[in-house]
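Hello,

Here is the structure I promised to send over. Have a look at it first, and then read on for what turned up.

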Amino acid sequence: MAEVGFLGLGIMGKAMAMNLLRHGFKVTVWNRTLSRCDELVEHGASVGETPAAVIKKCKYTIAILSDPAAALSVVFDKDGILEEICGGKGYIDMSTVDADTSSKIGEAIASKGGYFLEAPVSGSKKPAEDGQLVILAAGEKALYEEALPAFDVLGKKSFFLGKVGNGAKMKLVVNMIMGSMVNAFSEGLVLADKSGLNPQTLLDVLDLGGIANPMFRMKGPTMIQNNYSPAFPLKHQQKDMRLALALGDENAVSMPVAAAANEAFKKARSVGLGDLDFSAVYEIFKVAGGST
Ligand SMILES: NC(=O)C1=CN([C@@H]2O[C@H](COP(=O)(O)OP(=O)(O)OC[C@H]3O[C@@H](n4cnc5c(N)ncnc54)[C@H](OP(=O)(O)O)[C@@H]3O)[C@@H](O)[C@H]2O)C=CC1
Ligand SMILES: O=CCCC(=O)O
């Protein structure tokens, strides 16, 4: 089996790279903070000293990094991907970024003869651990097909969405909806509490009705316990709202609900909640609603 490169061992990257190792892939990892590679090495990974070194060694390399700045940095900066990508090699960026960022990366890689696929994912830490992500790929179809054995390990379903940008846009639309939902959910929990209802009973009622969903089911119990151990960091959700709103601007789509949700996430970041789970936006509604 060909060696797969893997850049970025944050919450998602660590779980995904671990999964590939568990399924017999040979994996060479790199992370900006190199010490984060140690645990993967214990499970059989090799380490590349730089993104360029990983690209040089591997037929194709996957990355999942925090945001557009990070995604651009590993490609264009010193010791970056562009130094070693060449004909026959592939680069798959699974970070959540905007279509422009993805296109810039794709064009630069193509200019060196390499193949590029964007492949952001739906699903969080647990689905990443369980190989249950939803993969939203777009770009070079041949690379998509080459990577399918890895995608089959990482995800429960892969979509090929056509040209570069379509994966990024799909991911931003999905996360824009999710970010708006968690705001409405938070507001509802506060309203239930302030009007004398038991929030746990609200969760039970919601779960039996037409708006039951895995996100409410998973986050509700931890939110009412004020437990925001990060699966999806709030700072990344706010980044996704910001990028989705920019996509709305480009397309003249009015998004008042998403704009209000973005304000709540920004407020949450401004009071130091950015590294907690995105469900910590609930704290902002508690303050606004006068809850204790
Ligand atoms: N967590 C989730 O539930 C999901 C997240 N995503 C998306 O996946 C991506 C990663 O998320 P997640 O794993 O949660 O994030 P984390 O914050 O846990 O990890 C971020 C990763 O990016 C690296 N990084 C940050 N800045 C740079 C930089 N300038 N140069 C190189 N590397 C950098 C970090 O390295 P270092 O260790 O050195 O800081 C780390 O490996 C994001 O785009 C997010 O929106 C998508 C679906 C679900
Ligand atoms: O981008 C993060 C998505 C988190 C999720 O789908 O639960």
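Let me start with ligand 2, where one of its oxygen atoms sits 2.7 Å from an N or O atom in the side chain of Lys-171. Please keep in mind throughout that this is a predicted model. Asn-175 also takes part, with a polar side-chain atom 2.8 Å from an oxygen atom of ligand 2. From Gly-123 the partner is a polar backbone atom, 2.9 Å from an oxygen atom of the ligand. On its own, ligand 2 exposes 240 Å², and the protein buries 82% of that area.

The residues surrounding ligand 2 are Gly-123, Ser-124, Lys-171, Asn-175, Met-178 and Phe-232. Sorted by class, that shell holds two nonpolar residues, three polar ones and one charged one.

Now to ligand 1. It has 27 residues around it, and those that come nearest are Asn-31, Thr-33, Ser-124, Ala-231 and Lys-239. You will recognise Ser-124 from the surroundings of ligand 2. Here are the polar contacts to look at:

- Lys-239 has a side-chain N or O atom 2.7 Å from an oxygen atom of ligand 1.
- His-236 places a polar side-chain atom 2.9 Å from an oxygen atom of ligand 1.
- Leu-9 uses a backbone N or O atom, 3.2 Å from an oxygen atom of ligand 1.

Ligand 1 has 900 Å² of accessible area when taken alone, and the protein covers 89% of it. Helices α1, α4 (68-76) and α11 are the elements that give two or more residues to its shell. By class, the shell around ligand 1 counts 12 nonpolar, 10 polar and five charged residues.

Helix α11 is worth a second look, this time for Asp-240, which lies in that helix (residues 234-250). Is Asp-240 buried or exposed? Asp-240 counts as buried, because its relative accessibility is 0%, where buried means under 20%. Beyond its neighbours within four places in sequence, Asp-240 is in contact with Thr-96, Leu-172, Asn-175 and Phe-232. Two of these contacts, Asn-175 and Phe-232, are also among the residues that surround ligand 2.

Next, the interior. In soluble globular proteins, nonpolar side chains tend to be buried together. The largest nonpolar core in this model has 35 residues, and Phe-6, Leu-20, Ile-92, Met-94 and Phe-151 have the most contacts inside it. At least two residues of this core come from each of β1 (4-7), α1 (11-22), β2 (27-30), β4 (60-63), β8 (133-139) and α7 (141-154). There is also a second, separate core of 31 residues, which includes Phe-232, Met-255, Ala-264 and Phe-285. So Phe-232 belongs to that second core as well as to the surroundings of ligand 2. Which residues does Met-94 touch, setting aside those up to four places away in sequence? They are Met-16, Ile-62, Ala-63, Ile-64, Ala-119, Pro-120, Val-121, Ile-135, Phe-151 and Leu-154.

Ile-109, in helix α5 (residues 99-111), is another residue to look up. Ile-109 is buried, with a relative accessible area of 0%. Not counting residues up to four places away in sequence, Ile-109 touches Ile-81, Leu-82, Ile-85, Tyr-91, Gly-114, Tyr-115 and Phe-116. For a sense of scale, the C-alpha atoms of Ile-109 and Ala-261 are 35 Å apart, with their places 152 residues apart along the chain.

Glu-49 makes a good contrast. This residue sits in the loop between β3 (46-47) and α3 (51-57), and at 57% relative accessibility Glu-49 counts as exposed. Leaving aside neighbours within four places in sequence, Glu-49 is in contact with Trp-30 and Leu-34. The C-alpha atoms of Glu-49 and Trp-30 are separated by 6.6 Å, and the two residues are 19 apart along the chain.

Finally, a note on the backbone. Asn-226, in the loop between α10 (214-224) and α11, has a positive phi near 55 degrees although this residue is not a glycine. Asn-226 is partly exposed, with a relative accessible area of 47%. Ala-252 also has a positive phi without being a glycine, at about 50 degrees. Its place is in the loop between α11 and α12 (256-270), and Ala-252 is exposed, with a relative accessible area of 72%.

Happy browsing, and best wishes!

How values were computed:
Residues are numbered from 1 along each chain as its sequence is written. Chains are lettered from A and ligands numbered from 1 in the order in which they are written. This is a predicted model: local features need pLDDT of at least 70, side-chain atom pairs count only at pLDDT 80 or more; totals for chains, interfaces and linings use all residues. Side-chain values use heavy atoms; hydrogens and water are left out. A nonpolar core is a set of buried Ala, Val, Leu, Ile, Met, Phe, Trp, Tyr and Cys residues joined through side-chain atoms within 4.5 Å. Buried means under 20% relative accessible area, exposed over 50%, partly exposed in between (1.4 Å probe, protein chains only). Helices (H or I, at least four residues) and strands (E, at least two) are DSSP runs, numbered from the N terminus. Contact means heavy atoms within 4.5 Å. A residue is near a molecule or strand if one of its heavy atoms lies within 4 Å of it. A polar contact is a pair of N or O atoms within 3.5 Å; within protein, one must be able to donate a hydrogen and the other to accept it, and residues adjacent in sequence count only if both atoms are side-chain atoms. Accessible areas come from the Shrake-Rupley method with a 1.4 Å probe; for residues, only the protein chains shown count as cover. Ala, Val, Leu, Ile, Met, Phe, Trp, Tyr, Cys and Pro count as nonpolar, Asp, Glu, Lys and Arg as charged, and the others, Gly among them, as polar.
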